[in-house]
Every structure is written in C-alpha cells, then in structure tokens.
Amino acid sequence: MARKLMVDWPLCDGNGVCTVEAPELLAMDDDDNLVVLQEVFDDALLAQAEAAVRVCPKHALKIANGA
Amino acid sequence: MGAETVTALAYDPFSPAVMENPLPFYKALRRDHPVFYSEKYDAYFFSRFDDVLELLSYVDNTFLQSEGPIPLPRDLVVHNDRAPTPMTMEPFPGGAHMMMPVHGDLRQAHIKPMMPRAVARLRSFVRELADQRLDALLPTKRFNLTRDYGGLVSASVMMKLMGMPLEDAERWLDLINSGTGVDPELGGFNGIPQARQVAELVIPWIEKRMEAGADGSTPMVDGMINYRFEGKPLTPAQVGRALICAFIGGIETAPKIVAHGLMELNNRPEQMAAVRADLEANVPKAAEEMIRYCAPAQWFMRTAHREVTVAGQKIRPGQRAFYLVASALRDEREFDNPDEFQWDRPIPRVLSFGHGVHYCIGAHLARMEVQVLVEAFMQRVPTFSFDMKSAIRPPTNFQWAWTQLPVLIP
C-alpha cells in the first residue's frame with residue numbers, strides 16, 4: 001500500500017535523528033537541512049518510516065495514507 | 001529534610017521541602033497521583049514519562065507558553081476562566097512564547113550553529129577551551145568544578161556563537177548564574193528581570209553586528225537580524241530577546257551536568273574504573289546517563305488553549321499543565337532502578353531536552369560539551385575527590401543543581 005511521509009517544515013529543525021532510522025527515506029545535507037529522498041513509499045519501508053516518526057524529537061513527521 | 005510528610009498530596013512545586021529535594025515527592029506522585037490536580041493553581045501535574053511525552057506531543061498550539069513556562073505562585077493563584085490571549089510580536093517577550101508557525105520561524109532563524117554538523121565542527125575548539133581551563137585550574141588543587149571548569153567553557157562557546165569577545169565569558173557567566181536562584185519574596189525563580197537585563201546588555205552587540213552587515217559569518221545573530229516578520233526586521237531589542245533563551249540556556253545547564261555527573265561517577269569506583277577502561281568508547285555512554293540523572297531543570301508549564309485530554313484527564317482552556325521532566329527521568333516504568341546512577345544503562349528514550357515544539361535547540365551542543373568536558377577531565381585527572389561539606393545545591397523550583405562543587409586534586 002502506498003503511504004506518504006509528511007514533514008511539518010516549520011517544526012523541522014534539522015536534528016537529523018530520523019535519517020539514522022530511515023536512511024532510504026531521509027538524509028541530511030552538509031548544512032544540516034533535511035532532504036526527503038522519497039515522499040511516497042510502500043510497505044517495505046513502513047518500519048523505517050514509523051521509526052523515524054517515533055524518534056523525531058520535534059514530533060515533525062507523520063505518515064499519511066495514499067500517494 | 002524536616003518532618004514534613006512526603007505524600008503526593010503535599011506536593012506544591014514552590015514548597016520549601018519540594019524545592020530542597022523534590023525526588024521523594026515525584027516518586028509519590030508517579031505512584032499515587034500520576035495526574036495531580038492543584039486547586040490552588042488550577043493546574044495538573046504530570047509526573048510519569050509517558051504522560052509527559054503525551055503532553056509534549058501536542059505541536060499544534062493546543063498548549064502555549066502564554067503565561068510563561070516557569071511562573072511564580074502569584075501568577076498561578078489567579079485562575080483563567082478561558083484561554084488567555086496568546087502572546088504576540090508586539091510586545092515581544094521572546095521567541096519561545098510565540099505560537100506556531102512564527103515560533104518555528106524564529107527558532108530556525110538562529111539555530112544553524114547548534115545543529116549536528118555545525119556542532120561537530122566546534123568539537124576541537126571546545127576541547128581546547130577545556131584544556132586551557134585545566135591548565136589553569138589543576139595547579140590550584142581546589143576549585144569549583146561547576147563554575148570554574150564547565151561554566152567558563154560553556155560561556156566561552158556562547159561568546160563565539162554570539163560574536164562576543166572570549167574575554168567577556170566570565171562576566172556573562174557570573175551575570176547569568178546570579179539570576180537563577182529563588183526570589184525569597186516571590187517564592188520561586190523569577191526569570192523575567194534577568195531575561196530583560198541580559199537582553200538589554202546584548203543590544204549593543206546586536207547593533208554592532210547590524211552595522212557590520214550581518215553577512216552570515218556569525219550565523220546565530222545574523223540569522224535573527226536577517227529574519228523578517230511580515231516583511232519587517234526585528235528591532236535590536238527584539239533580536240536580543242529572541243536570542244537570550246539560547247544564550248542563557250547554553251551557559252546554565254551543561255556545566256551543572258558535567259560537575260554533578262563526575263561527582264556521581266566518582267562516588268562509584270567500579271563504574272569509574274569501567275569508564276576509564278576505554279574513555280573514547282565509554283564517555284559518550286556515561287554522558288547520556290549524566291544527562292538523564294543530573295539534568296537540572298525540574299519542570300515547565302503550559303496553558304491550555306482549547307479543551308484537550310492528556311493521560312485520560314480532560315483539561316479546560318485556561319487551565320495549566322505542568323510536566324515534571326525531572327520526575328519523568330526517574331520513572332520506574334521507563335528506567336530500571338531509576339535512582340541508581342548506572343553509566344552504561346540503556347536509555348532508549350530521554351526527556352532531558354524535552355520534546356516537540358520547544359525541544360531544546362542546544363541539545364547537540366550540550367551533548368558534545370558534556371562529552372568533551374568529561375573526557376578531558378578524566379584523561380587529565382587520574383584521581384580526584386570532593387569537599388561535599390562545602391558543596392551547595394540551592395533549593396529551587398527551576399534548576400536544581402550543584403552550583404558550588406569543590407573538587408580537590410591531590
């Protein structure tokens with residue numbers, strides 16, 4: 001099933017802990033900015049996405065259904 | 001402690017017994033009244049880890065610092081019959097009081113130097129500062145580990161971030177340290193006069209930076225100078241007020257964790273030996289336990305701006321919610337034997353830096369400073385002891401910490 005990873009950009013600081021949990025979905029650039037590698041993902045990456053949502057200290061990530 | 005009974009029902013964050021040692025009260029609250037209501041303050045107190053996390057997970061302006069995060073009793077005995085008016089940019093008390101998204105914009109305008117890659121680039125500078133301090137202090141054989149070691153290092157780091165001269169570090173350190181005690185007349189920590197005073201003193205630096213062009217080479221200050229609210233820049237006074245949370249926080253907290261943490265480790269020779277076996281590998285882990293065990297901030301408050309339920313408790317607009325961070329960090333449901341200092345315990349989640357909208361912007365910097373300061377001290381000082389008879393941990397509702405921790409070097 002297709003899901004979408006949503007970033008609440010006013011909340012996102014660039015703390016980067018999400019990228020450790022979800023390296024296929026999220027990365028940091030050299031200026032500590034978050035880069036979304038892919039917004040829409042399927043079941044294979046759900047565990048990564050859920051871990052990223054959980055560890056974000058700003059509570060800035062959400063998973064939405066659909067593409 | 002006196003004969004006052006430690007029961008959850010006796011909990012009042014401003015009572016002398018609680019301010020002297022809140023830990024037994026937190027235990028009783030977690031066990032008997034995890035959601036504790038104070039009629040006096042019309043406030044709910046959340047003491048368990050999961051409940052604090054639940055409260056802080058509201059990132060949508062449900063809870064605001066519209067009455068400030070650390071109120072005084074005189075503020076709380078007046079109740080609200082509805083949500084208070086949220087604070088706005090005019091007058092501007094500081095970025096932390098603003099609603100999202102403006103709060104987020106203000107925050108992001110100045111946090112770049114405190115994000116992970118930028119902090120990593122500061123590591124060797126912090127180590128240099130630590131070594132300079134130790135060069136000066138170790139021959140004296142006795143000094144205040146909190147102020148003279150960590151305090152001066154953290155203050156120097158903030159000088160660099162603010163574009164101020166390093167020689168001014170001591171002056172700012174003493175000014176900021178002098179303001180975090182309890183006001184005896186008001187019965188609690190009164191943050192406002194100090195915040196105003198610091199902001200005033202910062203203004204000349206802001207003006208200087210504005211004249212120099214704020215080209216981004218001092219990113220913390222330049223970012224705030226170049227921020228536009230509805231197309232207009234902030235005044236120097238507003239820029240000052242927007243920066244002081246980071247400025248004061250960056251000087252106040254890490255030194256206390258380092259000093260207290262070294263003392264707790266030193267009290268446990270087996271653990272000290274274990275950490276020493278491989279400092280490079282072990283100090284980061286020990287630092288995390290120090291951050292859990294020694295984090296000085298006790299609690300913060302929010303005011304509800306709509307009806308909301310937290311930990312099964314309905315909260316009405318205008319009522320207050322206190323989250324007891326220091327209680328969460330000793331929660332038996334989250335940590336085994338939580339009152340034991342165990343350097344290598346697993347810490348899957350921690351709340352020392354908070355969570356959500358107001359998550360500590362200095363968390364990466366604080367972690368790095370604690371690691372570097374602890375490692376440098378342990379590398380260079382093979383044995384040490386403390387004069388606990390002269391040590392002082394002042395009673396307070398705000399940052400409960402050893403402000404005087406005399407360390408003795410043989």
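Two residues are in contact here if their C-beta atoms, placed from the backbone, lie within 7 Å. Keep that in mind for this tour of a predicted model.

**Stop 1: chain B as a whole**

Start by selecting chain B. Of its contacts with a separation of 6 or more, 70% join residues 24 or more positions apart. Color the chain by secondary structure and you can look for 16 helices and 14 strands. Now turn it around: the C-alpha trace spans about 60 × 60 × 40 Å along its principal axes. How does the radius of gyration of chain B agree with that of a compact globule? For 410 residues such a globule would have a value near 22 Å, and chain B has 21 Å, so the two agree. Buried residues make up 50% of the 410 in this chain.

If you color by confidence, chain B averages a pLDDT of 95, and 99% of its residues score at least 70. For the complex, the predictor gives an ipTM of 0.94 and a pTM of 0.96.

**Stop 2: the nonpolar core**

Next, select Ala321(B), Tyr323(B), Leu324(B) and Val325(B). Of the 142 residues in the largest nonpolar core, these four touch the most other members. Then add helix H16 (residues 363-380) of chain B, which supplies the largest share of this core, eleven residues.

Stay with Val325(B) and show what surrounds it. Leaving out residues up to four places away in sequence, Val325(B) touches Val52(B), Ala297(B), Gln298(B), Trp299(B), Phe300(B), Leu351(B) and Gly354(B).

**Stop 3: where the chains meet**

Bring chain A into view. The contact between the chains takes 19 residues from chain B and ten residues from chain A. On the chain B side, helix H5 (102-110) and helix H6 (116-137) each supply at least two residues. Coloring that side by class gives eleven nonpolar, five polar and three charged residues.

**Stop 4: some backbone details**

Most residues other than glycine have a negative phi, and most peptide bonds are trans. The next selections depart from that pattern.

Select Met100(B) and Pro101(B): the peptide bond from one to the other is cis, with omega near 5°. Pro101(B) sits in the loop between helix H4 (73-76) and H5 of chain B.

Move on to Ala214(B), in the loop between helix H9 (191-212) and helix H10 (219-225) of chain B. Ala214(B) is not a glycine, yet its phi is positive, about 40°. Is Ala214(B) buried or exposed? Ala214(B) counts as buried because 20 C-beta neighbours lie inside 10 Å, and the cut-off for buried is 20 or more.

In chain A, pick His59(A), which lies in the loop between helix H2 (46-55) and strand S5 (61-65). His59(A) also has a positive phi, near 60°, in a residue other than glycine. With 20 C-beta neighbours inside 10 Å, His59(A) counts as buried.

**Stop 5: a loop residue in chain A**

Finish at Glu24(A), in the loop between helix H1 (17-21) and strand S2 (26-28) of chain A. Glu24(A) has 13 C-beta neighbours inside 10 Å, so this residue counts as partly exposed. Which residues is Glu24(A) in contact with, leaving aside its neighbours within four places in sequence? Show Leu37(A), Leu45(A) and Gln48(A) to see them. For a last distance, draw a line from Glu24(A) to Arg54(A): they are 30 residues apart in sequence and 16 Å apart in space, C-alpha to C-alpha.

Definitions and conventions
Residues are numbered from 1 along each chain as its sequence is written. Chains are lettered from A and ligands numbered from 1 in the order in which they are written. This is a predicted model: local features need pLDDT of at least 70, side-chain atom pairs count only at pLDDT 80 or more; totals for chains, interfaces and linings use all residues. Helices (H or I, at least four residues) and strands (E, at least two) are DSSP runs, numbered from the N terminus. Ala, Val, Leu, Ile, Met, Phe, Trp, Tyr, Cys and Pro count as nonpolar, Asp, Glu, Lys and Arg as charged, and the others, Gly among them, as polar. A residue is buried if 20 or more other C-beta atoms lie within 10 Å of its own, exposed if 12 or fewer, and partly exposed in between; C-beta atoms are placed from the backbone. The radius of gyration is taken over C-alpha atoms; the globule rule is 2.2 Å times the number of residues to the power 0.38. A nonpolar core is a set of buried Ala, Val, Leu, Ile, Met, Phe, Trp, Tyr and Cys residues joined through C-beta atoms within 7 Å. pLDDT is the predictor's confidence in each residue, from 0 to 100.
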